[in-house]
Amino acid sequence: DIPGAVEAVKRGAADYLPKPIQTEKVLGIIRGLLNRRNRKKVKERAFYVGKSPLAVKLQNIVRVVAPADSLSVLIRGASGTGKEYVARQVHALSGRADAPFIAVDCGVLPKELAASELFGHVKGAFTGVTEHKTGMFAAANRGTLFLDEVGNLNAEVQRSLLRALQEKRYRPVGGREEMQTDIRLVAATNENLEKAIAEGRFREDLFHRLNEFPLHVPLLAECPEDIIPLAEFMLDAANRELERNVKGFDREAQKRLKAYPWPGNIRELRTVVRRATLLAKDGWITATEIGLPGKDDRNAVRELGRQVAVGVYEHGNDEPEDEPGDLDLLAFLTEDQGRHQRQGDDPQGAGEFDGRGYLERLLAVGGTGADDRTGVVDGDRGPGSELGLPHAEPMPDDGEYEEGDGVEDEDRGQ
């Protein structure tokens, strides 16, 4: 009965067997389904454990907060740093690990439908609705609800979300009866929510309710010890996904991976590794397949490094300029007395940021030799030179500078 088989699959059947049933065939199908389920579990629970100091500190904090599942967690960090990965770790190490983990990207929720997606709706709630719908709160009951890019929620949904978190009850759109909820909320954002509060775009009371325990995810470039192990971890996954058998990265490819500033963070690294896995020949990934700039690609390195420096500046500066100048970047990234906390309210101090050391790591790809414009060898440069920034010595408040070059008169002989 072909129509019956099609209908069964539509309703969720994994396979269809015609009569008379053959035992061996049934056993083979069951084995296949079990293997598929096991592979899915491995994929969902496979986490890379970072070895760099910032990654280890973050993992230790996650282990502390995960069991305290009455606390909301707000994860902050740049785009592509793995905030959802951290949220899944919080869930996996909590008492709710066997319950659902429901992830919602608030950045793609239509504003007019956001409340319906989160809280559900009843039949007839608005035009065209012909049946009841359960929302994400109901789907995540007794588990964890992860709201990514939470700063994109509109004012009405923010108000409903605050009430649901405080009262542990919510009302579906168009409904009269309230529903009880038991969830652990984890939210994430790469937006400056304090600035959004000042501009009236985000509720301050909701911010404090979400920010019961803050976590900050570092940039990939701030964790250089993890770049190669993480790339190898991603290579294993890519081999399984793409059905390849690539052994690893050759020496030059590893140099390129470690030297690159990674403005797209972990997401960019994953893209590079998957592409290189597909292109690899003779069982090894070379610099050709990696496709990242090397020592000879000075202009590309300067531009990429400066992009990352601008991103760090804008993320850590409370009131960044639209186009920060070189002196703005230099003062923020290198002035000892001006070191910023990457997350000012982080009680563990996990966000302390060494701007000078960070720039030095960004410039590792710079190489040696004389600069055609100045005749200065790379060994004499200060941090920032490969980005096209002025020399990174502390700048006196009363120093005189010529407009546009940012170099103090007495330093021109260097």
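## Starting point: Asp182 and its partner

Let's start with one residue. Asp182 is partly exposed, because its relative accessible area is 32% and that label covers the range between under 20% and over 50%. This is a predicted model, by the way.

What does the side chain of Asp182 meet in a salt bridge? Its partner is Arg96, with N and O 2.9 Å apart. The two come from distant parts of the chain, with their positions 86 residues apart. Asp182 sits in the loop between β5 (179-180) and β6 (184-189), while Arg96 is in the loop between α4 (83-92) and β2 (101-105). Is Arg96 buried or exposed? Arg96 counts as buried, because its relative accessible area is 10%, and the cut-off for buried is under 20%. The pair also belongs to a network of salt bridges that links Asp69, Arg96, Arg142 and Asp182.

## Other salt bridges

How many salt bridges turn up in a search of the whole structure? The count is 14. One of them joins the side chains of Arg201 and Glu199, at 2.8 Å from N to O. Arg201 is partly exposed, at 40% relative accessibility, and Glu199 is partly exposed too, with a value of 45%.

Arg203 makes a salt bridge with Asp205, and here the closest N and O atoms are 2.8 Å apart. Arg203 has 28% relative accessibility, which counts as partly exposed. Asp205, at 35%, is likewise partly exposed.

## The chain as a whole

Now for the wider view. The chain has 414 residues, and 43% of them count as buried. Its secondary structure adds up to 16 helices and 9 strands. Take the contacts in the chain with a separation of 6 or more: 68% of them are between residues 24 or more positions apart. As for the outside, the accessible surface is about 23300 Å², and carbon and sulfur atoms account for 48% of that.

## Inside: two nonpolar cores

The largest nonpolar core is made of 31 residues. Leu118, Phe137, Leu145, Leu147, Phe202 and Leu210 are the ones with the most contacts inside this core. Several elements give two or more residues to the core, including β2, β6, α5 (114-119) and β3 (144-148). Which element gives the most? That's α7, with 5 residues.

Leu210 is worth a look. Setting aside neighbours within four places in sequence, Leu210 is in contact with Ser72, Val73, Leu74, Val150, Leu165, Leu185, Ala187 and Phe202. Apart from this core lies another one, of 22 residues, and among them are Ala231, Ala280, Ile285 and Leu292.

## Helices and their neighbours

Back to α4, the helix before the loop that holds Arg96. Its buried residues are Lys83, Val86, Ala87, Gln89, Val90 and His91. These pack against a mix of elements: α3 (53-65), β1 (73-76), β2, β3, β6 and β7 (213-216).

Further along, where do helix α10 (residues 227-242) and helix α11 (residues 251-259) stand relative to each other? Their axes come within 9 Å and cross at roughly 115 degrees, and the crossing is right-handed. On the α10 side, Ile227, Ile228 and Ala231 meet Gln254, Leu257 and Lys258 of α11. Ala231 has come up before, as one of the residues in the core of 22.

Conventions
Residues numbered from 1 in each chain as written. Predicted model: local features only at pLDDT ≥ 70, side-chain atom pairs only at ≥ 80, totals over all residues. Heavy atoms only, no water. Salt bridge = Lys/Arg side-chain N within 4 Å of Asp/Glu carboxyl O. Helix = DSSP H or I, 4+ residues; strand = E, 2+ residues; numbered from the N terminus. Buried < 20%, exposed > 50% of the residue type's maximum accessible area, 1.4 Å probe, protein only. Core = buried A, V, L, I, M, F, W, Y, C linked by side-chain atoms within 4.5 Å. Contact = heavy atoms within 4.5 Å. Areas by Shrake-Rupley, 256 points an atom, 1.4 Å probe, with all protein chains shown as cover. Axes fitted to C-alpha atoms, helices over the stretch in contact; angles between N-to-C directions. Left-handed = near helix turned anticlockwise from the far one by under 90°.
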